[in-house]
Each structure stands twice: as C-alpha cells, then as structure tokens.
Amino acid sequence: MPVATNTDSAPVLQTLPGDDVRQLMWRFADRYDLAMLVQAARTVARGPVARLVAQGARNSHEWTAEKASLLPVYDESGITAAFLDPQHGGFIEGPKNLALALIAFELAWVDAGAATCSLAGNLGLAPIHERGTPEQRDHYMTLAAPPKPGENRKQIRAAFALTEPIPFVGVETGILAGKVRVAEWADGKEPILQVEKRGRFITNMGFANVVTAAVDSDDPRIKGACMIILEEGDPGTWDRGTPTKKLVHQLSSTRDPVLNLRVPAGRIIGGYTIKDGVIIPRYSNSDVIEAVFSHTRVTVGLMTSAKLLSAVEPVIMYQRRRFRGGEGAPGTPRYELGLQQKEDVLHRLVDVWATGEASASLGFEAARLFDQLDPLEKQKDAYMAAKKLSGRAVFKALAAVHTEAIESLALAAKPEGHRDKNRIAELRKNPLLEFVIIDSLANVLCPACKLWNTGHGANMMREAVSLMGGYGVTEDCPGFLGQKWMDAQLEATYEGPEAVQRLQLSITMTNELFLAQYKQWIEDMHLVASERPGTGACSLATAMRLWLWTFKHLQTATDADGGKLYHKSRQSVTFPLADALCWLLAARQFILDIIELEQKGVANPALAGGLPSFVGFFTDLAHVQSARAAGEVGRICAELVYGYNRHPAWNAESCRSCYSAEELTSLEGIVPGIDGSARAYADVKEANEEHPSKAGPCVSFKGLEPFVRLRMKLDGCLTGARLAKDRAAESLTKVMIPEALDYPV
Ligand SMILES: Cc1cc2nc3c(=O)[nH]c(=O)nc-3n(C[C@H](O)[C@H](O)[C@H](O)COP(=O)(O)OP(=O)(O)OC[C@H]3O[C@@H](n4cnc5c(N)ncnc54)[C@H](O)[C@@H]3O)c2cc1C
C-alpha cells in the first residue's frame, strides 16, 4: 500500500539520508562490491582530498607534489583499478558505469578536481578500452593497473587530447589541426607515422605518460581522421606545455601540450587495413569519441549532483548557528533555528536539495542504463561482424529492427492477460531488438544528464552559495561551496559544453523508439499520480503531454514567414525543447526512485522505522521538483508555440472590427449584458480611441486549442505544490544533523 500520499500530517524528516537509503534509490543494495567501493572512495575524499583543499592546495594551478600525492592514494584505495577488467588488474566484473559514477559522486562530494584527476585517466584510456584492438587493450590496460607489490614496472597514466588551440577543435570536433603523416614505410614492414598534436586544456598532462590523441590525415597514404596512442619516450618532442591558469578543478592538472612524435602505425586505435597502398584506420576520430563520451559524460553529470547534495548539511548548519552567541538563549527560536526562522531561506534550500535529488536520480539511471547497454552492444558488434556488416550497412540493419521494436513495446504495454505473449516471444528472438530499445534511451539520457545536471546544477549551486551569505564566497566556506559553484561551470563545459548536448538531444529525442517509450511513461505517470498524488506526478504527466504536443506541433509548424521551425539551423527552437525534456526526465526519475525506496525499504530492518519519514520528505521534494519542471516546460512550450506567430497589428480593418464603448452602452438597454460579454470576447475601443490601448487585436488560437487546454490543465495541476514545499521546509527545521561535517574544512 503506497504511503506516499502526503497529507499535512506526514512525518517530518528525522535524519539526513544515509547509505541504506541511497543504495535502494540508486539500486545497488545488492552490490556488496559497490558498497565497499563507495566506502573506499569516501575515505579518500573526506580524508586526503579534503585535507588538501582545506590546506589551500587549490590556490595554485601548478601540478604540485602535494597534489601528486593523491595518485598513489587512488591506486591503493582501488579507485584507479575500478575502471579495469579483472584480467587487466581490475576487480569489478562486467560493466562499470555505475561503479565509476559512484566513485565520481563520492570524490566530487568534496572536490570535483580530485574526481576529474581520477576520471581523466579513465578518459585517456577509454578510446583504447572502447575501440582498441584486443592487443592494444591488453597491453595498455594491464600497464594502467597499479603495480603489485614486488612488481617493478612503470604504471601508465593516460590523458585524452582532443581539444586544440584556437581556432581549431572546441565544440566542433570534425576539423582537426593535429596531423598524421607517413614518415617511413619500408617494403613489407609496418609503416612509421609522424604525429603532430598540440592540445589545449588537456587534463592529467602534468604527469601523463600516454596520450590518446585525435589527428587527421595529412598524407594521401592515410585515410581520414583517427585516434592514436602516443607514449612518453617515443622519438620526437614530448612537451607537456604550459599549465592552464584555470580557476576551477585545481586538484587536477591541465596543460597545453606540444607533441610531435614518430610512432608505429600499430598505435592507431582499433588498428587499420591497407588497401591500394593506403592505410585505412578501422575507426575514425568521431567513431572513437562518440563511443567514449557516451559513457564518460554521465559521470561528469553526477559530479554536479554530488555538489548540490553535499551543500545541504553545511547550509543547515550555518542557518541554525547564525545567531548563536548573540541575543537569545539556548531554547529560544533565535538560538535553535537561527536563520531557519525565515521562510525564504528554507524554501531556497528545498529547491537546491530537490534539484540535487532529481539530478542524481537521472545520472544514476543513465549509468545503470549503460551497464545494461554495454553487453548488448558487444552482442550487436559480434552479430554485425558475423554478418560481415560495417559502416552504413550497420545503420541499415539497426534501422530495420525499429518497427519490430516499436511493436514489441506496444505489446508489452498492454495489461497482463491482454498481451500476445507468442508474438512478444517471437519478436524478442531478434538479437538486436533489446539493443535498439535501450540504445534509444541511452542516447537521450546521457546528454540530458550532462546538460541538465551541470548547467542547471551550476545555477543552483549559486543559490546554495548565496544561502551562506558572505561566507559563501570565501575559502573558509564549510563544504567548499564557493569552489564547488565555480567547478560546476567546468563540468557544464568540458567533454562538450551545453550546446553539444543540446545538439545531440535535438536529434536523439526525435527517434520514434524513444518517443514510443516516452508515451508509455506518460501513461505510467498518470497511474503513479492516482496512487501517489503527493509526488506531483499529476503535474509531471500533464507537462510531459504538453511537451509531446509541442514537439509534434513544431515538426510541421512554420514561423510567421513560412520558415520551418524544427530544423538543425533553428537552435532557438530545438535547444529549448531539449532543455524542457531534461526537466521532465529528471523529475520523473526522482519519483521512480522514491517508489523504489518505498517498496524495497520495508525489507530493510535498519531502515524500516525511518522509512515513512524519508519517503514522506522525498515525496514532498518530488512534488516541488515536478511543479518546477512543469512550470519550466509550460513556459518554454508556450514561447515556442505562440512566439513564432506574428502578433496582429492595429490596421484599418482590425480597427474597424472593434466594438465602440459608446455603441455597447446604447445597446445595453436593448440587449442586457452585451457590454460585459462583448468586452470578454472582442476588442472594445473607448470614446476618443482609434483602437483599444494594447499591442493589437486579440490573437487567434485556431488549431492550438488542445495546447490551450493542456496549458490550463497544467496550471491547475500545480495544486498542492506549495503545501508540499511548506512541509519540506518545515522538515529542514527539524532534521537532526551532526555537530560537524565529517571532513576537514
Ligand atoms: C580545465 C579544463 C580541462 C579540460 N580537459 C580536456 C581534456 O582532458 N581533453 C580535451 O580534449 N579537452 C579538454 N578540455 C577542453 C574542453 O572540452 C573544451 O573547452 C570544451 O569542449 C569547449 O570548447 P571551447 O573551449 O573551444 O569552447 P567553444 O567551442 O569556443 O565554445 C564557446 C561557446 O560557444 C558555444 N558554441 C560553440 N559552437 C557552437 C555551436 N555549433 N552551436 C551552438 N553553440 C556553440 C558553446 O556552447 C560555448 O558556450 C578541458 C577544458 C578545461 C577548461
């Protein structure tokens, strides 16, 4: 029986949510290995990392010995090896997206630069991991593992070099200044290549000894762009370059390297073939980058979520203690509650917390989805290889499964007993079916979480900082909130800034397979609304419907001059629509995670007593977040639906069709009520006016009636959202918090 139907008497939050709650919400309660990894990463974050930040190690952009001391700590704690497969020295079997996401979350809870330092090593190795030949993978991954005791070898630390000095690679990764040429090619021997790459803002470059670099061919004997492995010690120039004078992520190293090296062609990631005297890399630069970023961006998104959630405790602590030691003895509201006597600071903290929850929910769901997708992708690759399909043929083979995939989704959505189980079983025999379904979701959730978690997250970090008053912008701010705010902006920028994510979403969200699942989610959300009205699922479901209506409308609608609206050159249409979708996805996932907590929490004795208070509080937060999401979606959709129609102006014809106030007054005697009803439905000009004093005649909504109705409904669906916020705010005044943060500040 659902308990999440909040009333004014719902239990208030007693303590901040701990691991028992998180393990259920983020679905790793059955993964002992991950629970241990979380503990290990947390010990590093709240120990050595926090001490470095507290001692001011962030005040230099140089890669110092103190910062370098973190690398062996990562090695010893298992953070480094978590990326690796067991045969290469790792300890986690199978896909590791959730594992890496949890590590990033824990480290970024204290300092995202420390998280980036560890993640950038994985990013440097990821091209080899995702697209390397088996030999490349075995060689480099094994050497990336921390040496075992007694093993005397140098450990590989990698960097990923895509971005180049202006005017080359930034957002657009297609035009590369980095070049590769054939330096030597003796008969029957492996070609030797000359690789020139200048990087800009390359993380880990202060200490990396392997770089995976994106380069383009500058030689007719090499086809196209590729990624290539460079090693310190290769003949030529290995200049680490100048350190970037960054204001963010100071616990990672960032430099502009200059690399000009001779390497064997076997370093091309994924290998190559030779045809008619031309080296043809198996994978292009973009093939590799796409495979890498699709995974790594999720982790970046979660770093900002960690910051928002980490802000809750220090802000509450600050608020409660704000006036202690002045007027007001212990026991008085001034002493006990401090700033929390004021409604606004509570409501703002509720917003920060709700955003943190929704973004974490979205990010961890994306990470789990990639854990599901990875083995399916391997299966798909094996299938294509067996059929000898490559390039466009692969796309065609996948597209051919879409119709069946949509049919299978529709069948699965029918109520139990009405499903054609034989047909479902028949469709599921297709080895590509599950892959295309999950892939269509991953292609939306990954950019959505990178975009929304970091972009909106950075805005909300500012809110968190502002709640600390002047303290917020000092180095002494508990929880390092000021640094976290600035750091969030980098998370919104690197691995592709917001425009890149919006661009990708504007394409992937049009996939019929995604839309088929989205439509089902709307129905599901209505059901949630009827069982758990307190979650705000009702406003969310209506907002999801409004988004879908707007999306479909914009596919064919034109602007006032006949210009197509949903078009790749029309970023002002496609980008806001992508933003709106993110709000919905995040709020939806938060609600689903609360349901999971409620359903699974009862079986956990450690949690059972406190469960209703967590579920009740989260339910109110979800209501707040759903209402905010609905508001954003309503605003964005209304601007897009109405904003491209030209407003009618006062011309002779429209002025003539206005009623005159004098006429109406005289008619009132003959037709009682005409004055009022004419004013409600038509334009009326007063005496001595040429036309009513407003922008123009009232706009016609012809063809937009369903939108008008949905929008009105949406506003009504916000009923109760502010009551939920009041309750959540009250919880913030009652929740018990520890005496001090569990890391040095
Ligand atoms: C500390 C730090 C560490 C980094 N680490 C690495 C690393 O390890 N490896 C690496 O390869 N790179 C790294 N980068 C580079 C980072 O990925 C780029 O800075 C980022 O991708 C943005 O590129 P840019 O700086 O050239 O911005 P620009 O491309 O100049 O973008 C500027 C603005 O214009 C907008 N814009 C640009 N093009 C478009 C478009 N087509 N449509 C709409 N809007 C657009 C962008 O959204 C942005 O708002 C790092 C950067 C920093 C600051």
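1. A helix here is a DSSP run of H or I that is at least four residues long, with the numbering of helices starting from the N terminus. With that in hand, a good place to begin is L554, which belongs to helix α18, spanning residues 537-556. Please keep in mind throughout that this is a predicted model.

2. Is L554 buried or exposed? L554 counts as buried, because its relative accessibility is 0%, and the cut-off for buried is under 20%. To get a feeling for distances in the model, try going from L554 to H139: the two are 415 residues apart in sequence, and their C-alpha atoms are 51 Å apart in space.

3. A second pair of landmarks may help you as you turn the model. A638 is found in helix α21 and counts as buried, at 10% relative accessibility. From A638 to D420 the chain runs over 218 residues, and 40 Å separates their C-alpha atoms.

4. Now to the ligand. How many residues surround the ligand? There are 21 of them, and the closest are F160, T163, R200, F201 and T203. By type, the shell holds 10 nonpolar residues, seven polar ones and four charged ones.

5. Three contacts deserve a look at close range. A nitrogen atom of the ligand has a backbone N or O atom of F160 at 2.8 Å. L162 also takes part through its backbone, with a polar atom 2.8 Å from an oxygen atom of the ligand. In T203 it is the side chain that takes part, placing an N or O atom 2.8 Å from a nitrogen atom of the ligand. On its own the ligand would expose 980 Å², and the protein buries 69% of that area. Which elements give two or more residues to the shell around the ligand? They are β1 (158-161), β4 (202-203) and α15 (481-493).

6. Let us move on to the aromatic rings. A pair of rings is described by how far apart the centres are and by the angle between the planes. The count for this model comes to 21 aromatic pairs. In one of them, Y642 and F701, the centres are 5.5 Å apart and the planes meet at 55°, so the pair is tilted. Y642 sits in helix α21 (residues 611-643), while F701 sits in the loop between β12 (684-685) and α25 (705-717), so this pair ties together parts that are 59 residues apart in sequence. Y642 is partly exposed, with a relative accessible area of 27%, and F701 is partly exposed too, at 38%.

7. Y642 has another ring partner to look at, F707. Here the centres are 5.6 Å apart and there is 85° between the planes, which makes the pair edge-to-face. Why does this pair tie together parts that are apart in sequence? Y642 lies in helix α21 and F707 in helix α25, so the parts joined are 65 residues apart. F707 itself is buried, with a relative accessible area of 0%.

8. Elsewhere, ring pairs link F514, Y518, W521, W547, F551 and Y566 into a cluster. W521 is worth a second look, as the charged end of R588 sits over its ring, 3.6 Å from the centre. A further case is R131, which lies over the face of Y283, 5.3 Å from the ring centre.

9. Finally, some backbone details to check by eye. Which peptide bond is cis, with omega near 20°? It is the bond from I166 to P167, and P167 is placed in the loop between β1 and β2 (179-184).

10. Two residues have a positive phi although neither is a glycine: R27, at about 60°, and F480, at about 50°. R27 is in the loop between α1 (19-25) and α2 (32-54) and counts as partly exposed, at 27% relative accessibility. F480 is in the loop between α14 (433-466) and α15 and counts as buried, at 3% relative accessibility.

Note on methods:
Residues are numbered from 1 along each chain as its sequence is written. This is a predicted model: local features need pLDDT of at least 70, side-chain atom pairs count only at pLDDT 80 or more; totals for chains, interfaces and linings use all residues. Side-chain values use heavy atoms; hydrogens and water are left out. A residue is near a molecule or strand if one of its heavy atoms lies within 4 Å of it. A polar contact is a pair of N or O atoms within 3.5 Å; within protein, one must be able to donate a hydrogen and the other to accept it, and residues adjacent in sequence count only if both atoms are side-chain atoms. Accessible areas come from the Shrake-Rupley method with a 1.4 Å probe; for residues, only the protein chains shown count as cover. Ala, Val, Leu, Ile, Met, Phe, Trp, Tyr, Cys and Pro count as nonpolar, Asp, Glu, Lys and Arg as charged, and the others, Gly among them, as polar. Rings of Phe, Tyr and Trp (its six-membered ring) pair if their centres lie within 6.5 Å; planes under 30 degrees apart count as stacked, over 60 as edge-to-face and the rest as tilted. Buried means under 20% relative accessible area, exposed over 50%, partly exposed in between (1.4 Å probe, protein chains only). A charge sits over a ring if NZ of Lys or CZ of Arg is within 6 Å of the ring centre and within 35 degrees of the ring normal.
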